[in-house]
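The following exercises are to be worked through with the sequence and the model in view. Each task is followed by a solution that proceeds step by step.

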Amino acid sequence: MTATQQPSRTRSLGASLLDQVLAETVDPAYARAAEVRAARPAPTRGARWRGQALVAVTMVLAGLLAALTYDQASAGSEGRQQIRAALIADIDRESGVTDDLVASLADLQAQVGAARDQALSASTGGQLALDQLARQEAGAATEPVRGPGLTVTLGNALPSADDDPVAGRTPADTEVAQVLDRDLQLLVNALWSAGAEAISVGGQRLGPTTTIRQAGGAVLVDLRPVTSPYEVLAVGDPDSLQNRFLGTPEANYLANLQVTYDWVFTFGRSDDLELPGASSTELRSARPVTPEDAPAPGTPTPSVPGDGGD
Amino acid sequence: MIPILGLAVGVVLGLLLDPSVPVWLQPYLPIAVVAALDAVFGGIRARFDGIFDAKVFVVSFVSNVVVAALIVFLGDQLGVGAQLSTAVVVVLGIRIFGNAAAIRRHLFRA
């Protein structure tokens with residue numbers, strides 16, 4: 001061992017590995033092959049050509065490999081974008097189909113209603129049934145409603161200018177700060193107890209069987225997704241509605257949440273609200289109305305399971 | 001000249017023919033390309049040093065590509081594929097840099 005090699009022995013394994021990697025950038029096999037070649041006579045012309053052809057083929061391979069990889073990488077991102085666009089188009093198309101079906105359903109329901117009214121209005125028993133039907137339809141919220149009332153808006157915190165859009169809020173923060181289905185349920189129940197006659201959430205009218213539920217990150221009203229800010233319209237006497245709503249513990253609770261989480265929580269009186277009808281419930285049983293069979297006002301028509309078709 | 005032409009032909013062929021790569025092979029393509037780059041730069045450096053040898057070049061190219069892909073494959077099976085890829089890229093990257101610097105010294109005498 002010479003004195004110059006002494007320091008390298010005390011160096012760590014990792015450092016010597018790095019030294020080797022840094023020092024040995026060219027394959028030592030080249031040097032060895034050159035020594036062997038120098039010892040032997042010069043290669044023939046044919047051998048040199050073979051070598052050149054081999055190198056050329058290898059370079060073709062290298063080019064092919066690089067082009068393939070480039071293709072793959074670009075196709076990957078392109079493909080993802082295409083799939084995304086195709087999925088969005090699918091969603092849009094199917095939503096359009098759903099809207100069309102909803103519109104034609106409303107049309108057909110109106111036709112059925114008109115035909116029913118015409119058929120029933122002929123007889124006294126029919127008139128009674130019609131009156132009862134009108135009352136029950138009002139109760140089931142299937143008819144559009146128009147009138148003065150209260151507009152309450154509840155929404156997630158708006159992104160403020162201070163927020164870093166990438167890392168400003170942790171996911172846990174945003175999850176905690178979101179308006180949940182139970183907050184909307186509280187709000188709606190407070191409005192009912194304050195005397196609201198009809199309520200819609202995000203344009204969806206609430207009927208007796210309408211649900212407000214959470215599915216993943218979305219709030220579903222009557223199984224249709226609604227997004228923040230949630231606009232809750234309540235038809236009723238604006239003065240008493242507002243006073244009594246503000247007196248409920250739920251309004252107090254929501255105001256607290258608004259302060260804590262920067263929620264949007266506003267309400268105001270509206271003179272003219274227009275609420276659509278709720279989607280009508282499925283007709284499960286029916287039977288023809290005969291004069292002696294006409295139900296007395298106030299008693300619900302007994303439903304006979306399996307008696308009628310849908 | 002011929003090797004450069006070969007490279008160009010390979011690139012054009014790959015872009016024009018657009019052959020489909022089996023799915024199981026796709027994750028190893030990028031690392032194989034880095035290994036191929038290392039072999040190519042090593043060959044160019046050897047050429048400038050005057051010790052280029054066709055056989056060594058071809059063998060180092062093929063073994064570089066296969067071994068790099070194998071290491072990553074093994075890493076994937078063991079659950080350290082990403083880390084091993086990084087290790088391979090670091091080592092090969094240092095060698096490519098070293099060779100490129102040597103080539104630069106040969107070319108520009110600087």
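**Exercise 1.** Determine whether A141(A) is buried or exposed, and describe its backbone.

*Solution.* Step 1: in this predicted model, count the other C-beta atoms within 10 Å of A141(A); there are 24. Step 2: apply the cut-off, by which a residue with 20 or more such neighbours is buried. A141(A) is therefore buried. Step 3: locate the residue, which lies in the loop between α5 and β1 (145–155) of chain A. Step 4: read the backbone angle. Phi of A141(A) is positive, near 60°, although the residue is not a glycine. A141(A) comes after α5(A).

**Exercise 2.** Check whether the span of helix α5 of chain A agrees with its number of residues.

*Solution.* Step 1: the helix covers residues 124–140 of chain A, that is, 17 residues. Step 2: the expected span is 1.5 Å times one less than the number of residues, so 24 Å is expected for α5(A). Step 3: the end C-alpha atoms of α5(A) are 24 Å apart, which agrees with the expectation.

**Exercise 3.** Classify D222(A) by its C-beta neighbours, and state where in chain A it is found.

*Solution.* Step 1: D222(A) has 19 C-beta neighbours inside 10 Å. Step 2: a residue is buried at 20 or more neighbours and exposed at 12 or fewer; D222(A) therefore counts as partly exposed. Step 3: its place is the loop between β5 (218–221) and β6 of chain A. Step 4: its phi is near 55°, a positive value in a residue other than glycine.

**Exercise 4.** Classify A119(A) in the same manner, and give the distance that separates its C-alpha atom from that of L130(A).

*Solution.* Step 1: A119(A) belongs to helix α4 of chain A. Step 2: because it has 12 C-beta neighbours inside 10 Å, A119(A) counts as exposed. Step 3: L130(A) is eleven residues away along the chain, and the two C-alpha atoms are separated by 9.9 Å.

**Exercise 5.** Identify the residues joined by a cis peptide bond, and place the proline.

*Solution.* Step 1: the bond is the one between S228(A) and P229(A), where omega is about -5°. Step 2: P229(A) occupies the loop between β6 (224–226) and β7 (230–235) of chain A.

**Exercise 6.** Establish the order of the strands in the five-stranded sheet of chain A, and find its edges.

*Solution.* Step 1: the order is β3-β2-β7-β1-β8; the sheet is open and its pairing antiparallel. Step 2: β3 (204–205) and β8 (264–275) of chain A are the edge strands, as each pairs on one side only. Step 3: follow the pairs. β2(A), residues 198–201, joins β3(A) over two bridges, and S200(A) stands opposite R205(A). β1(A) is joined to β7(A) by six bridges, with T153(A) and E231(A) as bridge partners. β1(A) also pairs with β8(A), over ten bridges; there T151(A) faces G268(A).

**Exercise 7.** Describe the largest nonpolar core and the elements that supply it.

*Solution.* Step 1: this core has 36 residues, and A32(B), A35(B) and A36(B) have the most contacts inside it. Step 2: at least two residues each come from α3 (28–39) and α4 (45–120) of chain A, and from α1 (2–17), α2 (29–49), α3 (54–78) and α4 (81–108) of chain B. Step 3: another core, of 35 residues, lies apart from it and includes V179(A), L187(A), L206(A) and W263(A). Step 4: return to A32(B). Leaving aside residues up to four places away in sequence, A32(B) touches L65(A), V65(B), A68(B) and A69(B).

**Exercise 8.** Analyse the side of chain B that touches chain A.

*Solution.* Step 1: the contact takes 40 residues from chain B and 31 residues from chain A. Step 2: on the side of chain B, α1, α2, α3 and α4 each give two or more residues. Step 3: α1(B) gives the most, with eleven residues. Step 4: this side of chain B divides into 26 nonpolar, eight polar and six charged residues.

**Exercise 9.** Compare the transmembrane annotation of chain B with the model.

*Solution.* Step 1: an unreviewed UniProt entry lists residues 27–44, 56–74 and 80–103 of chain B as "transmembrane region". Step 2: residues 56–74 of chain B are 100% helix and 0% strand, with end C-alpha atoms 26 Å apart. Step 3: residues 80–103 of chain B are 96% helix and 0% strand, and their end C-alpha atoms lie 34 Å apart.

Note on methods:
Residues numbered from 1 in each chain as written. Chains lettered and ligands numbered in written order. Predicted model: local features only at pLDDT ≥ 70, side-chain atom pairs only at ≥ 80, totals over all residues. UniProt positions renumbered as here; feature names shortened; annotations may be inferred. Helix = DSSP H or I, 4+ residues; strand = E, 2+ residues; numbered from the N terminus. Core = buried A, V, L, I, M, F, W, Y, C linked by C-beta atoms within 7 Å. Contact = placed C-beta atoms within 7 Å. Nonpolar A, V, L, I, M, F, W, Y, C, P; charged D, E, K, R; others polar. Pairing = 2+ DSSP bridges.
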